[in-house]
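Reader: I am new to reading structures. Please take me through one part closely, and show how the rest connects to that part.

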Amino acid sequence: MALNIKKEGPNEWFLDVRFKKNGKQFRQRETFAGTKQEAEERYLELKKGLRADAGSFQDDAPTKFKDLLNIYRARRLALGAVDETRFIPLMRDLGETNLEAFPDTFERYLKVLRAMPSKTTGKPLSTGTHNRYLTMVKTCFKLAMDLGRIAKNPITKARFPMLREV
C-alpha cells in the first residue's frame, strides 16, 4: 500500500488521502508537522476516518443546510470536543434553508448579524464573530464537497469576503 505523503519542509508533510467506493471518490488533504513515522500514522488515521465517513455515505444528496452542518459536526466530534455554542445559532437560524437558496439567505443573515447588538457589550457584533460564522459555513460546504455530497461550493471568497479584524 503506497501512502501519498510528500515532504513540504523540515518535519512538515502534506498528506493526501484518497480512495474509491462504488465509483465515488473520497478525498481528504492535510498538512502535518512531525516525523515521517508520525505522518504515516496520521495518514492511516485519516484514511480510517474517511472510510468510516464513506460507510455512512448515502447516495441521496443533502437538500438542507442542517444536513451539511450535521456532517461537519460529526467530523468535529470524531476529532475531539465540539463547542456546541457555535452550532446552535446556525442550526436554529439557517438549518431549514434549502441549499439552492442558501447563498442569498446567508448573505442576508450576515447583514443582520453585523447589525445585531452583542449580549454582553450592547455594541454591534465584532468582525471576528462574522468571520467565525463565515469560516464555519465555508468549512461545512468544503467538507461536503470533499466527501462528494455536493458538486460545488457556493460560498466563494468573491461573494463572501472575510472582514478585516482590528
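Author: A nonpolar core is a set of buried Ala, Val, Leu, Ile, Met, Phe, Trp, Tyr and Cys residues joined through side-chain atoms within 4.5 Å. Buried here means under 20% relative accessible area. Keep in mind that this model is predicted.

Start with the largest nonpolar core. This core has 39 residues. Phe65, Leu68, Leu90, Phe106 and Phe141 touch the most other members. Which elements give two or more residues to this core? Two are strands: E2 (12–21) and E3 (24–33). The others are helices: H1 (36–55), H2 (65–79), H3 (84–94), H4 (102–115) and H5 (127–146). H5 gives the most, with eight residues.

Now pick one core residue, Leu90. Set aside its neighbours within four places in sequence. Leu90 is then in contact with Phe65, Leu69, Gly95, Tyr109, Tyr133, Met136 and Val137.

Two of those partners, Phe65 and Leu69, are buried residues of H2. Look at that helix next. H2 has 15 residues. From its first C-alpha to its last, H2 reaches 21 Å, close to the 21 Å expected at 1.5 Å a residue. Which residues of H2 are buried? They are Phe65, Leu68, Leu69, Ile71, Tyr72 and Arg75. These residues cover an arc of only 155° around the axis, so they lie on the same side of H2. The spacing follows a general rule. An α-helix has 3.6 residues a turn, so residues three or four places apart point the same way. After H2 comes Gly80, with a positive phi near 155°.

Turn to the strands. E2 and E3 give residues to the core, and they also belong to an open sheet of three strands. Its order is E1-E2-E3, and the pairing is antiparallel. E1 (5–9) and E3 stand at the edges. Each has a single partner strand, so one side of each is left without a neighbour in the sheet. On average, neighbouring strands are turned by 20° against each other, direction ignored.

Finish with the pairing of E1 and E2. They pair in the antiparallel sense over four bridges. Lys6 has Phe14 of E2 as its bridge partner. Lys7 has Trp13 of E2. The hairpin of E1 and E2 has two residues between the strands. In this hairpin, Asn11 takes a positive phi near 55°.

Note on methods: Residues are numbered from 1 along each chain as its sequence is written. This is a predicted model: local features need pLDDT of at least 70, side-chain atom pairs count only at pLDDT 80 or more; totals for chains, interfaces and linings use all residues. Side-chain values use heavy atoms; hydrogens and water are left out. Buried means under 20% relative accessible area, exposed over 50%, partly exposed in between (1.4 Å probe, protein chains only). Contact means heavy atoms within 4.5 Å. The expected span of a helix is 1.5 Å times one less than its number of residues. The arc is that of the directions from the helix axis to the C-beta atoms. Two strands pair if DSSP finds at least two bridges between them. Axes are lines fitted to C-alpha atoms, for helices over the stretch in contact, and angles run from 0 to 180 degrees between N-to-C directions.
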